[in-house]
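Student: I would like to go through this structure with a few questions. Where do we begin?

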Amino acid sequence: SELKLQLEMFMRIVLIPLCAAGKNKASTTANGASSNSSDGFNRETQRIALETVVDLCRQPHFVTDCYMHFDCDLSKACVFEELVSTLSASAFPANGAKLSGANALSVEGLLAIVRTVSRSTTAESSTASSPLGGDSSMLLGESSGMKAAPSTATNGFADDGSIQNDEEEEGDSPAALRNELRGLDPWEYVKASAAPSGIARARGLRKSRALKRRLVVAAEHFNRSPKKGIPYMQEYGLLPENLTAKAVAKFLKLAPGLDKEVVGEYLGDPKDFQVEVLKEYADLFNFENVTLDKALRTFLDGFKLPGEAQKISRILEVYAARYYGANPNSCADADSAYVLSYSIIMLNTDAHNKQVKKKMTLEQFIRNNRGTNGGKDWPKETLVAIFDSIVTDEIRLTDDAAPKLS
């Protein structure tokens with residue numbers, strides 16, 4: 001549990017993309033395109049990545065921990081789902097291509113996952129604690145001398161052979177979940193449903209997963225049309241019937257699967273309610289003792305800045321007010337923070353836009369911000385540090401395809 005971010009980075013930034021690396025290459029070759037000298041390297045890299053995944057999936061607790069700590073966590077990406085999807089796609093050869101070692105390894109990875117799930121649902125499941133703190137055996141109520149409650153069902157089937165729906169019996173059906181959520185914050189609801197161990201923990205995780213699926217569907221509705229998406233969320237209890245800006249802001253910051261461009265356009269809208277949502281959204285961040293440029297990076301990570309200058313200005317004004325409120329000794333006033341923030345955005349665009357041939361120099365950046373700190377100059381070391389940070393590490397203002405780490 002202490003290495004969740006590191007494991008998420010390793011899986012989503014390194015391992016899963018490498019496992020899928022050979023798929024496009026195989027498709028290109030099958031369509032008759034000529035392969036270049038790096039094809040062999042890509043296939044070898046994919047093979048090593050797949051072997052690593054197979055080894056991980058064979059570990060007693062990796063699969064259950066991955067599912068529990070990521071797919072059942074509202075604030076995390078569905079790492080287990082991404083892994084299974086990648087292995088499933090890589091298990092089949094491209095049209096016209098022969099069965100390769102990568103296909104066989106992908107199938108072996110899927111089989112390893114199935115074996116792990118099968119073992120965890122039998123009475124012989126290991127009672128050893130998980131290395132990531134998940135202790136998946138606790139979900140079965142078998143560790144520490146606990147015995148699972150007797151049941152007339154076996155592996156999801158009742159004695160008469162009919163399928164037993166445990167979710168509906170335990171109040172996890174969509175209708176039951178919707179009724180439970182009425183008037184409650186979804187994220188607080190998950191905390192209230194959490195349990196340290198045993199069957200109660202398994203039920204809490206299942207409720208969390210069901211709620212996460214509902215949030216993903218709600219995000220898809222919001223991405224298509226915020227005007228229709230919000231009433232949908234109110235109908236299913238994800239937002240209160242008496243809509244508040246704070247509830248919407250929390251959804252925009254924490255819900256999985258939101259389109260950054262849609263979120264940016266919504267936050268930049270000049271309507272009174274959207275402006276209140278923007279202020280509440282900014283209040284969700286803790287900028288205390290953080291430099292202006294680092295705080296701006298964090299703030300802009302959840303959405304794409306809209307293209308309209310007035311919307312950008314409105315968003316930066318709210319950000320500057322929030323930053324100054326958290327760091328009143330860092331600058332003269334909120335207007336000074338706003339001016340420097342806008343200057344940082346312009347520097348970022350200038351430094352990393354390929355169409356800009358003549359780049360802004362440090363001297364020009366310092367000169368542009370002269371007298372903007374309440375009529376005084378900013379400390380030179382502050383501007384130098386900001387300039388170096390932006391030039392060497394771009395603030396990505398586009399909703400690119402790179403996985404977003406939680």
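Student: Is A320 buried or exposed?
Tutor: This is a predicted model, in which local features need pLDDT of at least 70 and side-chain atom pairs count only at pLDDT 80 or more, while totals for chains, interfaces and linings use all residues. Residues are numbered from 1 along each chain as its sequence is written, and side-chain values use heavy atoms, leaving out hydrogens and water. Buried means under 20% relative accessible area, exposed over 50%, and partly exposed in between (1.4 Å probe, protein chains only). A320 has a relative accessible area of 1%, so A320 is buried.

Student: Which residues does A320 touch, leaving out those up to four places away in sequence?
Tutor: A320 is found in helix 16; helices are DSSP runs (H or I, at least four residues), numbered from the N terminus. The C-alpha atoms of A320 and A334 are separated by 5.5 Å, although the two are 14 residues apart along the chain. With contact taken as heavy atoms within 4.5 Å, A320 touches A334, A337 and Y338.

Student: Which helix gives the largest share of the largest nonpolar core?
Tutor: A nonpolar core is a set of buried Ala, Val, Leu, Ile, Met, Phe, Trp, Tyr and Cys residues joined through side-chain atoms within 4.5 Å. The largest one has 61 residues, and F222, M233, F251, L252, F299 and F303 touch the most other members. Its largest share is eight residues, and these come from helix 16 (residues 309-326).

Student: Why is C78 not bonded to C72?
Tutor: A disulfide is a pair of cysteine sulfur atoms within 2.5 Å, and a search of the whole structure finds zero of them. C72 is buried, at 5% relative accessible area, and C78 is buried too, at 16%. The closest cysteine sulfur to that of C78 is in C72, and it is too far for a bond, at 8.6 Å.

Student: How are helix 1 and helix 4 oriented to each other?
Tutor: Axes are lines fitted to C-alpha atoms, for helices over the stretch in contact, and angles run from 0 to 180 degrees between N-to-C directions. Helix 1 (residues 4-19) and helix 4 (residues 62-71) pack at about 110°, with axes 12 Å apart. Angles under 35 degrees count as roughly parallel, over 145 as roughly antiparallel, 65 to 115 as roughly perpendicular and the rest as oblique. Helix 1 and helix 4 are therefore roughly perpendicular.

Definitions and conventions: Helices (H or I, at least four residues) and strands (E, at least two) are DSSP runs, numbered from the N terminus.
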